[in-house]
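Here's a quick tour of a single protein chain, written for someone who likes to know where the empty space sits. Have a look at the model first, then read on.

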Amino acid sequence: MTDPDQLEARSPEERASDLADALPHQIARAQALEGFAALREFEASEITSLADLARLPVLRKSDLVAAQTDAPPFGGLAGPLSTFSHVFQSPGPIYEPGRIDDDWFRLGRFLRAAGFHGGDVVQNCFGYHLTPAGMMFESAARAVGATVLPAGTGQTELQARAAADIGTTAYAGTPDYLKVILEKADEMGLTLSIAKAAVSGGALFPSLRDFYESRGIDCLQCYATADLGLIAYESPAKEGMIVDENVIVEIVTPGTGDPVAEGEVGEVVVTTLNADYPLIRFATGDMSAMMPGQSPCGRTNMRIKGWMGRADQTTKIKGMFVRPEQVADLVARHPEIERARVVAAREDENDTMIVRIESTASDAAPFEASVADVLKLKGRVEIVAPGSLPRDGLVIEDTRSYD
C-alpha cells in the first residue's frame with residue numbers, strides 16, 4: 001500500500017485555493033465547445049467555489065444522448081474525434097472519447113492506493129470491446145509500471161491456467177468474477193499467486209471481501225464511470241471512498257441541482273477537471289452521501305459512502321409516471337415549502353398518492369392545485385413539520401407491495 005501523494009495530502013485550504021484557480025479555466029474550456037451553450041450566460045471567472053458551481057445547470061445522461069443525436073459523436077461536448085486515440089460506446093448509446101496514454105482516466109491513483117506497483121502482473125478481467133473499462137484499467141496498470149494480461153471476461157478455465165502459468169499477482173475486474181477464477185483454479189488443482197484485487201462495476205459485499213481475505217487477497221473497490229473516469233476510491237483504511245483529486249463531487253437532491261447537507265443521501269453530481277472532456281455538473285444517476293472528517297490513511301479529500309442506489313425514482317401511479325423533477329418543480333413553486341415527498345400507496349385495490357410537504361403553513365388547500373398541475377394527478381396533501389421527512393434521498397416513495 002502506498003502513502004498519500006502531494007495532491008491527496010493537501011489541506012482543505014490548499015485544495016480550495018487550487019480549485020479557485022482551476023475551476024474558472026475548466027468552465028471557460030466548456031464554454032468554448034458548441035455543446036455547452038447553456039453555460040455561456042455565466043461568467044467563468046466568477047465560478048471559483050462549490051457554492052458558485054451549484055448555480056450552474058445539471059447535465060444529465062438524457063441530455064448527452066440528445067446532444068450526440070444532433071451532433072455525433074460527442075454532442076459538441078468534446079473536441080474532434082481525431083484528437084482522441086479511442087472512442088467507446090456505452091448503453092444509450094452514448095459515445096465517450098478516451099486516451100490510453102498518461103493515465104487519462106486516472107485509475108492509476110486507485111491502483112497505487114491498492115498497492116499495485118512495478119513488478120506486479122495484473123490480470124485485467126474488464127471488457128475490452130466497445131465499453132472502456134478494460135482500457136481504463138489497462139492505462140492505470142501502465143501508470144504504476146505493472147505488466148498486464150488483457151484477459152477480458154469469460155473462458156474461466158483458460159483464465160485460471162494463465163494466472164498460474166504467468167504468476168498473476170493482482171486482479172482487476174468485477175467483484176464476483178475473481179471468486180469464479182479462484183474456484184476454477186481449485187477445481188483444476190492450480191495454485192495462484194494473486195494477493196491483491198482492484199474491483200469496480202458491481203457491489204463488493206462484505207461476505208465476498210471476507211472470502212478474499214481468507215484467501216490472502218486484499219480487495220479494494222473504486223467508483224468510476226465511462227464518462228468521468230475515476231470518481232472515488234477506497235484506500236487501505238477501507239472507510240468510505242475518497243474523492244479523486246481531479247473531479248469535484250456534489251451530492252444533490254434527486255431531480256434538482258441543489259446540494260444536500262453533509263450526511264444526507266442524494267444524487268452524485270460530478271464536475272471533471274479533464275481538459276479534453278470538461279463535463280460540468282454531470283449527474284451520474286447514482287445515490288450516495290458525504291462522510292464527515294478525513295480518512296485515517298492520510299488522504300484528506302472529501303469521502304462518500306459509496307453506491308447507495310439509483311436516483312431515478314420515477315414511479316407509475318394511477319397509470320401516470322411521477323418523476324423527481326416534477327417534485328422539485330412543486331417545491332420551487334412555493335417558497336413556503338422546504339421539502340416534499342410523494343408516497344405511492346394502495347387503498348381498496350386502488351393506487352393512491354400522498355404528497356407530504358415540510359412547511360410552517362397550516363392550510364394544505366393552496367398546494368393542492370399545484371400538485372394536480374405539476375404532478376398531473378390528484379393526491380392528498382399532508383403538511384408536516386420542517387425537518388420531519390427522512391433525509392434518505394427519496395423524493396418518491398413506493399409503499400405498494402408487489403408480492
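What follows covers the overall build, the empty spaces, one helix pair and a few backbone oddities.

**Overall build**

Keep in mind that this is a predicted model. The protein chain folds into ten helices and 19 strands. Its radius of gyration is 23 Å, close to the 22 Å that the globule rule gives for 403 residues, so the protein chain is as compact as a globular protein of that length. If you want a box for it, the C-alpha trace spans about 75 × 55 × 45 Å along its principal axes.

**Empty space**

Rolling a probe the size of a water molecule over the atoms shows where empty space is left. Here is how the spaces compare by volume and lining class.

| Space | Volume | Nonpolar residues | Polar residues | Charged residues |
|---|---|---|---|---|
| Largest pocket | about 970 Å³ | 18 | 13 | eight |
| Second largest pocket | about 690 Å³ | 18 | five | seven |
| Largest cavity | about 50 Å³ | four | three | two |

Start with the largest pocket. Its lining counts 39 residues, and Ser200, Gly201, Gly202, Tyr223 and Ala224 are the ones nearest its centre. Which elements each supply at least two residues of that lining? They are β2 (94-98), α5 (133-143), β7 (218-225) and β12 (282-291). Strand β7 gives the largest share, with five residues.

The second largest pocket is lined by 30 residues. Nearest its centre you'll find Arg15, Leu19, Leu50, Asn301 and Met302. Two or more lining residues come from each of α1 (12-31), α2 (50-53), β10 (247-252) and β12. Here the largest share, six residues, belongs to helix α1. Strand β12 is worth a second look, since it turns up in the lining of the largest pocket and again in that of the second largest pocket.

Now for the enclosed space. How many cavities of 30 Å³ or more does a search of the whole structure find? The search turns up one. Lining the largest cavity are Trp104, Phe105 and Arg106, then Asp227, Leu228 and Gly229, and finally Thr272, Asn274 and Tyr277.

**A helix crossing**

Next up are helices α6 (residues 156-166) and α7 (residues 177-188), whose axes come within 9 Å and cross at roughly 75°. An angle of 65 to 115 degrees counts as roughly perpendicular, and α6 and α7 are therefore roughly perpendicular to each other. On the α6 side, the contact is made by Thr156, Glu157, Gln159, Ala160 and Arg161. Helix α7 brings Tyr177, Val180, Ile181, Lys184, Ala185 and Met188 to the contact. Sorted by class, that makes six nonpolar, two polar and three charged residues.

**Backbone oddities**

Most residues other than glycine have a negative phi, and most peptide bonds are trans. A few spots here go the other way. The peptide bond from Pro72 to Pro73 is cis, with omega near 0°. Pro73 sits in the loop between α3 (61-70) and β1 (86-90). Another cis peptide bond runs from Gly92 to Pro93, with omega near -10°. Where is Pro93? Its place is the loop between β1 and β2.

Then there's Asp102, a residue other than glycine with a positive phi, near 55°. You'll find Asp102 in the loop between β2 and α4 (107-113).

Note on methods. Residues are numbered from 1 along each chain as its sequence is written. This is a predicted model: local features need pLDDT of at least 70, side-chain atom pairs count only at pLDDT 80 or more; totals for chains, interfaces and linings use all residues. Side-chain values use heavy atoms; hydrogens and water are left out. Axes are lines fitted to C-alpha atoms, for helices over the stretch in contact, and angles run from 0 to 180 degrees between N-to-C directions. Helices (H or I, at least four residues) and strands (E, at least two) are DSSP runs, numbered from the N terminus. Angles under 35 degrees count as roughly parallel, over 145 as roughly antiparallel, 65 to 115 as roughly perpendicular and the rest as oblique. Contact means heavy atoms within 4.5 Å. Ala, Val, Leu, Ile, Met, Phe, Trp, Tyr, Cys and Pro count as nonpolar, Asp, Glu, Lys and Arg as charged, and the others, Gly among them, as polar. On a 1 Å grid over the protein atoms alone, a cavity is a set of points where a 1.4 Å probe fits but cannot get out, and a pocket is an open set with protein on both sides within 12 Å along at least five of seven lines; lining residues have an atom within 4 Å of a point. Grid points are joined across faces, edges and corners, and a volume is the space filled by probe spheres set on the points. The radius of gyration is taken over C-alpha atoms; the globule rule is 2.2 Å times the number of residues to the power 0.38.
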